[in-house]
Protein chains: 2
Amino acid sequence: MAQDVARPSLSDALTERVLELIRSGGLRPGDRLPSARELSERFAVTTPTLREALRRLEATGAVQMRHGSGIYVGADLERVVIPNPNFRELQSDQLLQLLDARLLIEPPVAAMAARRADPSDLATLRAVLDQAGCHLDGADAELDKANMSFHRATAKAAGNAVLGEVIDSLLSVHAAEQRAILRIFDDRARDHDEHRAILGAIEAGDAGRAEELMRVHLLDVKSVIEARLT
Amino acid sequence: MAQDVARPSLSDALTERVLELIRSGGLRPGDRLPSARELSERFAVTTPTLREALRRLEATGAVQMRHGSGIYVGADLERVVIPNPNFRELQSDQLLQLLDARLLIEPPVAAMAARRADPSDLATLRAVLDQAGCHLDGADAELDKANMSFHRATAKAAGNAVLGEVIDSLLSVHAAEQRAILRIFDDRARDHDEHRAILGAIEAGDAGRAEELMRVHLLDVKSVIEARLT
């Protein structure tokens, strides 16, 4: 039975063939793949076997199966780094390590953004903060989303996709716990003001100031969370 | 057909139930799960359906299926960030962005290692470099492995698991392309000397020097790769 379940070759090979089909066809995220029927015929496998391979690719964002619509190339196929899709609960020590990781990475990334942001990046950052401003007295979920978008948009403005993926991964994973704590104890208006100040430094092209303001902002977030954990 | 393949609920739910079984049982990486027969009976699903869920978890390191032996909790289950398992070919611009990401992250991590490394971390770092020293005139694969181990061990000595996962993910993905280029054009002895110098700074607890030496080392690697790409 264990041997039966372990048979690695077919499933591995099939996953690889689907990826190869995407690459050789020059398909990009959002492009549609052949139907499940066509794929299972092409690879001469049963539908359950094909589904196994597709599920495996879906779990890591390489393909997307849309109910009633078909199979598409996933948004994460070309990423270097992804958040662990099996991650569920962040322990306290992991949450603090995660904040320390953000503290090490995000301030110099804000400095890069100040050096490199183009007008379209700046427009995005402004739009994200305007959005957050609309939710300051509103629903938590919307405000959280807008605040996380600010950090992602800053990473994007820095112009390094790999660093963007790292920051996106860190933000994705600690969302729930961090949100729960910040929702109760953090000062929404202060957070928003800090984001505005970081944007101001990026707009001014002041790398040193953008770096320092991002550091102070994340230290504020950390101190709120640390106080609740200890 | 598309609807059939898309049915998300059963596969998602089953994946979740396997993860829940691991967590509620307090199982850790390396621990053994019940057999496939027991699991499919417990969850009242067919073996192909169970296998689909297990493959999905295996692709991201949450479980490991050992041929002829059984199903175990995978080493990556508790990680925050993982390398994209579907990633195959790094484009030139991605390789340079990846090196820039390492340049931003690894020098301050080397400084953390200089501040925090304990005797056991130092022993590991020395052993890794001794190992690399033995392969300077030998097989590429062994030397590469030892060199990457040095960067991973430095991250571990820094004491932040999340940063360790980020660095491990970056090292995992660009291994092949970087190796191919470095194998032909890089100076093995110089690399080794640079690693030795970084270790010396970590042993001396000199954070500033460890940071600077790691930066210079990665800039050397980048300049070799950049020269071949452009």
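Me: In this predicted model, which residue takes a positive phi just after H10(B)?

Reply: The residue is B:Gly205, which follows just after H10(B) and has a phi of about 70°. A second example is found in chain A, where A:Gly68 has a positive phi of about 75°.

Me: What lies on either side of the turn that holds A:Gly68?

Reply: The turn belongs to a hairpin formed by S1(A) and S2(A), with three residues between the two strands. S1 covers residues 63-66 of chain A, and its pairing with S2(A) is antiparallel, over four bridges. One of the partnerships joins A:Gln64 to A:Tyr72 in S2(A).

Me: Which way do the residues of strand S2 of chain A point?

Reply: The general idea is that side chains in a regular strand alternate between the two faces of the sheet. In strand S2 (residues 70-73) of chain A, A:Gly70 and A:Tyr72 point one way, while A:Ile71 and A:Val73 point the other way. Are these residues buried or exposed? All of them are buried.

Me: How should one read the length of a helix, and what span should the 16 residues of H10 of chain B have?

Reply: One compares an expected span with the distance between the end C-alpha atoms. At 1.5 Å a residue, helix H10 (residues 188-203) of chain B should span 22 Å, and its end C-alpha atoms are 23 Å apart, which agrees. The same check can be applied to H5 of chain A (residues 92-116): its 25 residues should span 36 Å, and the ends are 35 Å apart, again in agreement.

Me: Where does H5(A) bend?

Reply: H5(A) bends by about 25° at A:Glu106, and the proline A:Pro107 follows within four residues. As to its surroundings, 20 of the 25 residues of H5(A) are buried, so this helix is largely enclosed by the rest of the structure.

Me: Which residues of H10(B) are buried, and what do they pack against?

Reply: It helps to recall that an α-helix has 3.6 residues a turn, so residues three or four places apart point the same way. In H10(B) the buried residues include B:Asp191, B:His195, B:Ile198 and B:Ile202. Others among them are B:His192, B:Glu194, B:Leu199 and B:Ala201. The buried residues of H10(B) pack against four helices of chain B: H5 (92-116), H6 (119-134), H7 (140-157) and H11 (207-229).

Me: How many salt bridges are there over all chains?

Reply: The count comes to 30 over all chains. To read a single case, one looks at the pair of side chains, then at where the partners lie, and then at their exposure. The side chains of B:Lys222 and B:Asp100 meet in a salt bridge at 2.7 Å, N to O. B:Lys222 lies in helix H11 of chain B and B:Asp100 in helix H5 of chain B, so the pair ties together parts that are 122 residues apart in sequence. B:Lys222 is buried, with a relative accessible area of 14%, whereas B:Asp100 counts as partly exposed at 26%.

Me: Which parts of chain A does the pair of A:Glu203 and A:Arg126 link?

Reply: Their side chains meet in a salt bridge at 2.5 Å, N to O. The pair links distant parts of the chain, with A:Glu203 in helix H10 and A:Arg126 in helix H6, 77 residues apart. A:Glu203 is partly exposed at 37% relative accessibility, and A:Arg126 is partly exposed at 36%.

Me: Which residues are linked with A:Asp76 in a network of salt bridges?

Reply: The network links A:Asp76, A:Arg79, A:Arg152 and A:Asp168. Within it, the closest N and O atoms of A:Asp76 and A:Arg79 are 3.8 Å apart. A:Asp76 counts as partly exposed, at 24% relative accessibility, while A:Arg79 counts as buried, at 11%.

Me: How many salt bridges are counted between chain B and chain A?

Reply: The count there is two. A salt bridge joins the side chains of A:Arg55 and B:Glu52 (3.5 Å, N to O). For the interface as a whole, 65 residues of chain B are in contact with 64 residues of chain A. The two chains bury about 5400 Å² between them, 62% of it on carbon and sulfur atoms.

Me: What does the secondary structure of chain A come to?

Reply: Chain A has 11 helices and three strands. From the N terminus on, its elements run α-α-α-α-β-β-β-α-α-α-α-α-α-α. Buried residues make up 53% of the 230 residues in this chain.

How values were computed
Residues numbered from 1 in each chain as written. Chains lettered and ligands numbered in written order. Predicted model: local features only at pLDDT ≥ 70, side-chain atom pairs only at ≥ 80, totals over all residues. Heavy atoms only, no water. Buried < 20%, exposed > 50% of the residue type's maximum accessible area, 1.4 Å probe, protein only. Pairing = 2+ DSSP bridges. Expected span 1.5 Å × (residues − 1). Bend = angle between axes of the 7 residues up to and from the residue. Contact = heavy atoms within 4.5 Å. Buried area = accessible area lost by both parts, 1.4 Å probe. Salt bridge = Lys/Arg side-chain N within 4 Å of Asp/Glu carboxyl O.
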